[in-house]
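Me: I would like to go through a protein model step by step. Please show it, and then I will ask about its parts.

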Amino acid sequence: APATPADLATIASGDGISLIWEGVPDADLAGYLILRGEAGGDTLTSLTPEPVQETQSTADTATRGARYVSHVMAVDSRLPLPNVSAPAIIEETAR
């Protein structure tokens, strides 16, 4: 499996939460999957139906004052079943 994305950080502003992280240097990296849910909840929703290449993302559907947990995972290009890293996890309150 690819390495876990490092140095995940958030920037909360307006109704959105931006994520930034260090890229994974694996040669067969297909991109990153981003999931988010309410902190303390049981459900995470994919914010990226396909792996994204960027090492940043902004979710503009956050509710002001709500606390969210975000997971960022690296995924490789192995077929038919790609390998997925352990998640980098962070919590942030939408402002």
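Reply: The model is predicted, and the questions below take up its strands, one residue, a salt bridge and the core.

Me: Which strands stand at the edges of the open sheet in the order β4-β3-β6-β7?
Reply: Four strands, written as β4-β3-β6-β7, make up this open sheet, and their pairing is antiparallel. A strand at an edge has a single partner strand, so one side of it is left without a neighbour in the sheet. The strands that fit this are β4 (45-46) and β7 (88-93).

Me: What is the bridge partner of Ser70 in β7?
Reply: Ser70 belongs to strand β6. Strand β6 covers residues 67-76 and runs antiparallel to β7, with 6 bridges joining the two. In β7, the bridge partner of Ser70 is Ile90.

Me: Is Ser70 buried or exposed?
Reply: Ser70 touches residues beyond four places away in sequence, including Leu8, Leu19, Leu35 and Ala88. Its relative accessibility is 5%, and the cut-off for buried is under 20%. Ser70 therefore counts as buried.

Me: Which side chain meets that of Glu91 in a salt bridge?
Reply: The structure holds 1 salt bridge. Its nitrogen and oxygen are 3.1 Å apart, and the side chain that meets Glu91 there is that of Arg67.

Me: How many residues apart in sequence are the parts that this pair ties together?
Reply: At 40% relative accessibility Glu91 counts as partly exposed, and Arg67, at 39%, counts as partly exposed. Glu91 lies in strand β7 and Arg67 lies in strand β6. The pair therefore ties together parts whose separation in sequence is 24 residues.

Me: Why is strand β2 largely enclosed by the rest of the structure, and which residue in β5 stands opposite Ile17?
Reply: Strand β2 spans residues 16-22, and 5 of its 7 residues are buried, so it is largely enclosed by the rest of the structure. Strand β5 (residues 56-59) runs antiparallel to β2, and 4 bridges join them. Opposite Ile17, in β5, stands Ala59.

Me: Which strands each supply at least two residues of the largest nonpolar core?
Reply: The largest nonpolar core has 16 residues. Those with the most contacts inside it are Leu8, Leu19, Trp21, Tyr32 and Val72. The strands that each supply at least two residues of this core are β2, β3 (29-38), β6 and β7.

Key. Residues numbered from 1 in each chain as written. Predicted model: local features only at pLDDT ≥ 70, side-chain atom pairs only at ≥ 80, totals over all residues. Heavy atoms only, no water. Pairing = 2+ DSSP bridges. Buried < 20%, exposed > 50% of the residue type's maximum accessible area, 1.4 Å probe, protein only. Contact = heavy atoms within 4.5 Å. Salt bridge = Lys/Arg side-chain N within 4 Å of Asp/Glu carboxyl O. Core = buried A, V, L, I, M, F, W, Y, C linked by side-chain atoms within 4.5 Å.
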